[in-house]
Amino acid sequence: MPVELIYLIVLLITIIVVFVIYKRPIYEAMFIGFLVMVVALGKFDRLLFYLIKPSTNTLFYAIVAFLTLAFIFAQTNVIKYIIDFILALVGRFRGGAGWVSLFASTFMAALSGTGPGNVAATGVFTIPTMIRTKFPRHLAATVEMSASSLGPMIPPSGTILLAFGVLDSIYPGKYDLSHFWMVVWGIGIWLIIQRILTLYGFVRYYKVEPIPREELPSVKEAFKKGWKSLIVPLIIFVPLFLDFQLKDTFFTSRLGADGASAMSSSVILFTPGIAAIYAVIISRKEIGGLSPSNLFKIFKNAISQVVPVAATVYFAYCLSELFGEANIAEPLGDYIATFNMTKIQLAIFFPILTAFLGMFITGSAQVAIFGPLIVTSLAAVGVNPLLAAAILPCITGAMEGMTPPLALAMYAAMGIAKSGMKETSILALIWAGLHLVFSILIMTGVLPVAFL
């Protein structure tokens, strides 16, 4: 057994002890795990460097910006108007409340980057609506659980930016963030299709009813009230899509390679800021105005929600820097190679491993700890490194909280739905199992990925 594997086992045990047994916040567990690794690797003289280095990373600030954007949305009616519009479009179909939960919760979770947290935020609206339209309680709970768990692998989730950091550390400057972003969307489309097919099957099996017509807003009315809010997804998506499409043919020819690269970094930083400013402006009446004191109060209240997640990501970056300099991934990749696993075997092995680890540690922590190992191992058997990195949020952050017995997203949804443990766990395993099947099919190339 290589010593690098022992280091990872020690790190994993440390995080589990601090987070699960002592019930400390995950960011404390990550920081303590980081310090343990500094001691184990004898990198005392580099401690300050590892702690400061993430503060120079553009992606970290982008993650904080998107977390803040999610909080701002929660303080306004922006998401309510988007949900009402989706409700008007699909509520008339059988299982309409489930479709609202699927699309709206996925969108919200993509902004917050956390499955369990999003269940608590949007599940209080979507789960009672599903139950009212004859969804069994355990089905309502798992629909919300699966939709919220899908969010962390849909841009602009912070886990995705962290995964790109892993790719860039292995292949510096070879891949663009905008290209990576679009590949992740290509993967996300397949997982959305999987959720749609699964939900359709459950709706037919349980004979779920449509939302009553008297409770449905008209499409015209919903659009009239919420058209300003419907622009928000475009503000987030369009700049990155244009950067991806036009970077080589338009921006590089005019700005040069370095200028185009700097512009890509600017796009990822300014997009959430512009979306936040827009959301605040169109919601100025309901938040009490745009006075400096009122805006200060809003952002002050965001600290308790944004900082813990940001701290977790920050220390994940610290670990990533430490492991990168200590060259942890390559020896482990060589060790795994001695087992002579094929592309298909590795495509099965890693999702099952990360699904198990998701019971104990967050997706961002998994990406930081195991991301380099997974990418290098998959690349060694012929998987495109871009795809190998883009699949990381799919098999880590998206699985976090879905796999019993320690499924935080499932427990949060159960609490709202008041569903039983046995029947909810069975459905949760079906959702998680189908997610894993699609992940494996994507990694092996059976399901082609757009933009790759």
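**Close-up views of a predicted model**

**View 1. A salt bridge joins Glu-28 and Arg-24.** In this predicted model, the closest N and O atoms of Glu-28 and Arg-24 are 2.8 Å apart. Glu-28 is partly exposed, at 24% relative accessibility. Its partner Arg-24 is also partly exposed, with a relative accessible area of 39%. How many salt bridges are there in the count? The count comes to three, and the next two views show the others.

**View 2. Glu-325 meets Arg-46 in a salt bridge.** Here the closest N and O atoms are 2.6 Å apart. Where do the two residues lie? Glu-325 belongs to helix α13, while Arg-46 sits in the loop between α2 (26-41) and α3 (47-52), so this pair ties together parts that are 279 residues apart in sequence. Glu-325 has a relative accessible area of 34% and is partly exposed. Arg-46 counts as partly exposed too, at 28%.

**View 3. Lys-225 and Glu-221 pair up in a salt bridge.** Their closest N and O atoms are 3.3 Å apart. The two residues are four places apart in helix α11 (residues 219-230), which means that about one helical turn separates them. Lys-225 is exposed, with a relative accessible area of 55%, whereas Glu-221, at 39%, is partly exposed.

**View 4. Now look into the largest pocket, with a volume of about 850 Å³.** Which residues of the lining are closest to the pocket's centre? Of the 36 lining residues, these are Asn-57, Phe-164, Gly-165, Asp-168 and Ser-169. Elements that give two or more residues to the lining include α4 (58-75), α9 (158-170) and α12 (232-282). Helix α13 gives the most, with six residues. By class, the lining holds 16 nonpolar, 13 polar and seven charged residues.

**View 5. Thr-68 has its place in helix α4.** Is Thr-68 buried or exposed? Its relative accessibility is 18%, so Thr-68 counts as buried; the cut-off for buried is under 20%. Leaving aside neighbours within four places in sequence, Thr-68 is in contact with Phe-299 and Val-306.

**View 6. Ala-347 is found in helix α15 (residues 343-357).** With a relative accessible area of 1%, Ala-347 is buried. Which residues does Ala-347 touch, not counting those up to four places away in sequence? They are Ile-440, Met-443 and Thr-444. You can also look for Val-381: Ala-347 and Val-381 are 34 residues apart in sequence, and their C-alpha atoms are 10.0 Å apart in space.

Definitions and conventions
Residues numbered from 1 in each chain as written. Predicted model: local features only at pLDDT ≥ 70, side-chain atom pairs only at ≥ 80, totals over all residues. Heavy atoms only, no water. 1 Å grid on protein atoms, 1.4 Å probe; cavity = no way out; pocket = protein on both sides within 12 Å on 5 of 7 lines; lining within 4 Å. Points joined across faces, edges and corners; volume = space filled by probe spheres on them. Nonpolar A, V, L, I, M, F, W, Y, C, P; charged D, E, K, R; others polar. Buried < 20%, exposed > 50% of the residue type's maximum accessible area, 1.4 Å probe, protein only. Contact = heavy atoms within 4.5 Å. Salt bridge = Lys/Arg side-chain N within 4 Å of Asp/Glu carboxyl O.
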